[in-house]
Amino acid sequence: MSDDTIRLVTIGRIFRRRGRLLTILAVVGALAGYGTSLLLPPRYTTSASVLLPGAWEERELLTQAEIATSSVVVDRAAGALGWPGVDGIELRDRVSAAAADGNIVKISGTADTPERAQLLSDTVAEEFVTFAAQIMGDNTDPEKAAQPEALRQLVAKTTRRINELADEAGPGQSVESVQTRTELAKLRTALQEAVDKLDKADPETDRPGMVVMGPAARPAGEAPPTRPQLVVGGALLFVLFAVIGHLAAARVGRRPRTGADITAVLGTTLLGAVDVPGERAADRPRGGGPRALFRRLLGVDVRWDTPSPSASGDDESRLIRYRRVCARLRDRLPAPRRLLAVVPEGDETARRAAVQLAAEAANDASPDSSGGGLLTLRVVEVPVSRPMVPDRAGESGAVIVVSAGSWAAGELAGIAEACADAGHEVVGSVLAGTVWVRPSRSAGRSGRSRRAATPVPAVGGDAAGGAK
């Protein structure tokens, strides 16, 4: 698992084998989300639209959106609202503005009730329009602002002088006086037209004013995250963290999973691999106590990262594997052949394989057995936390039976060291795996398999364990 790519089948295995734990975590996450919703007050959001008539560039619209949420506008809105304990600094976090298509600036307000949210959006929009009108109407340059008025005064003074010259030219009895009065009248008309053009070019009338497009709509529901969203989000978040935790633990873990890895850790030879019919109860470790009950309640008493058992052949094919292991043990040992079958405590698959191996060794008393004599195996279970193997009592060595992927390298090495400390030479290891049982093809073969599967008590030992 540590070197494999994470696939969907791995995720599916987590949900299948840790469904109870994930369900409990989902309920806890939903409760956590509900508790968070109680701590967060409800929020309601609505928007008011302000239309900017005329031609506006995109950067100008963005500037107007920034002005709508500026401290000046928000402070004025806070003063107009007059809410107790709410100032412009607090309102600044509740107000936002954005430029939309069609020269529209949307001003959004958030409050704890729909009515207050509507009032906040409308008030900020009105203050924004008022402030923008003041900016567009006022001229901050005094000299530039005084130039049009000075020009009007000069035109008025010039017009009066023209009238005076026209009066001095006489009533128009001569040709010269008539021409002079005509030229002065043209000059007076041209000056008046210039004044009219100057009035039309006034910056105050260059661009039409902004318009609030009606009151903001009263929100019908809470702004996200709502209480249902927090509940669902909490459940999904807890489940997601649980799945990520399982994947991280499996990737970081370094449990030997192949026969070569296990034999390398134990420092011995692999005698063979045997199959154990899969049973739901066999995958669960034995033992009682509050801790075991709690693990069984959460559904974490069975490993999830082991692959699904493959389909097995008939009983005869499985028994052949046990006989081959027994034959290899007889070939490796002189007579008498008395061994300890050491099993890690809690490894139910390995314990069942060791019991079946001891039963097959006791049943195989054929005359053509090499070397003569029987092979006797005494099954003992050794705790992995503090491994303790019984001292020699006629046994000539030990064989370690384990299941793949169930124990860390340090735990397996501790069992091998405990065997050496008790004076037992580890003559080999047996790898036990779980398989699905296919229906037997013949009744006779099934009857023989059931008789062979019945464990025969080992000589001088207890198949249920011996480590104390």
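## Nonpolar surface patch

A nonpolar patch is built from residues with over 30% relative accessible area and no salt bridge, with nonpolar side chains joined within 5 Å. In this predicted model, such a patch of about 590 Å² is formed at the surface by I24, V28, L237, F238, L240, F241 and I244.

Two helices, α2 (19–39) and α9 (227–252), each contribute at least two residues to the nonpolar patch, and the greatest contribution comes from α9, with 5 residues. One of the patch residues, I244, is located in helix α9. The relative accessible area of I244 is 44%, and I244 is therefore partly exposed; this value satisfies the patch criterion because the criterion asks for over 30%.

## Overall composition

The chain contains 15 helices and 10 strands. Of its 468 residues, 38% are buried, while the accessible surface of the chain amounts to about 26,300 Å², with 57% of that area belonging to carbon and sulfur atoms.

Among the contacts in the chain with a separation of 6 or more, 84% are between residues that lie 24 or more positions apart.

## The four-stranded open sheet

An open sheet is formed by 4 strands in the order β2-β3-β1-β4, and the pairing within this sheet is antiparallel. The edges are occupied by β2 (95–100) and β4 (211–212), each of which has a single partner strand, so one side of each of these two strands is left without a neighbour in the sheet.

The partner of β2 is strand β3 (residues 104–111), which runs antiparallel to β2 and is joined to β2 by 6 bridges. Within this pairing, A98 has K106 in β3 as its bridge partner. Helix α3 (residues 58–68) packs on the sheet and touches both β2 and β3, and the direction of α3 makes about 165° with that of β2.

## Salt bridges and their exposure

The model has a count of 9 salt bridges, and the pairs described here can be set beside the accessibility of their residues. The side chains of R59 and E57 form a salt bridge at 3.0 Å, N to O. In this pair R59 counts as exposed, at 57% relative accessibility, whereas E57 counts as partly exposed, at 43%.

A second pair consists of E90 and R94, whose side chains meet at 2.7 Å, N to O. Here the acidic residue E90 is partly exposed, with a relative accessible area of 29%, whereas R94 has a relative accessible area of 16% and is buried, because the cut-off for a buried residue is under 20%.

## A salt-bridge network between helices

The side chains of E360 and R323 also meet in a salt bridge, at 2.9 Å, N to O. Since E360 lies in helix α13 (residues 348–363) and R323 lies in helix α12 (residues 315–332), the pair ties together parts that are 37 residues apart in sequence. E360 is buried, with a relative accessible area of 5%, while R323 is partly exposed, with a relative accessible area of 22%.

This pair does not stand alone, for E316, R323 and E360 are linked in a network of salt bridges.

Methods. Residues are numbered from 1 along each chain as its sequence is written. This is a predicted model: local features need pLDDT of at least 70, side-chain atom pairs count only at pLDDT 80 or more; totals for chains, interfaces and linings use all residues. Side-chain values use heavy atoms; hydrogens and water are left out. Buried means under 20% relative accessible area, exposed over 50%, partly exposed in between (1.4 Å probe, protein chains only). Contact means heavy atoms within 4.5 Å. Accessible areas come from the Shrake-Rupley method with a 1.4 Å probe; for residues, only the protein chains shown count as cover. Two strands pair if DSSP finds at least two bridges between them. Axes are lines fitted to C-alpha atoms, for helices over the stretch in contact, and angles run from 0 to 180 degrees between N-to-C directions. Patches are made of residues with over 30% relative accessible area and no salt bridge: like charges are joined within 9 Å, nonpolar side chains (Val, Leu, Ile, Met, Phe, Trp, Tyr) within 5 Å. A salt bridge is a side-chain nitrogen of Lys or Arg within 4 Å of a carboxyl oxygen of Asp or Glu.
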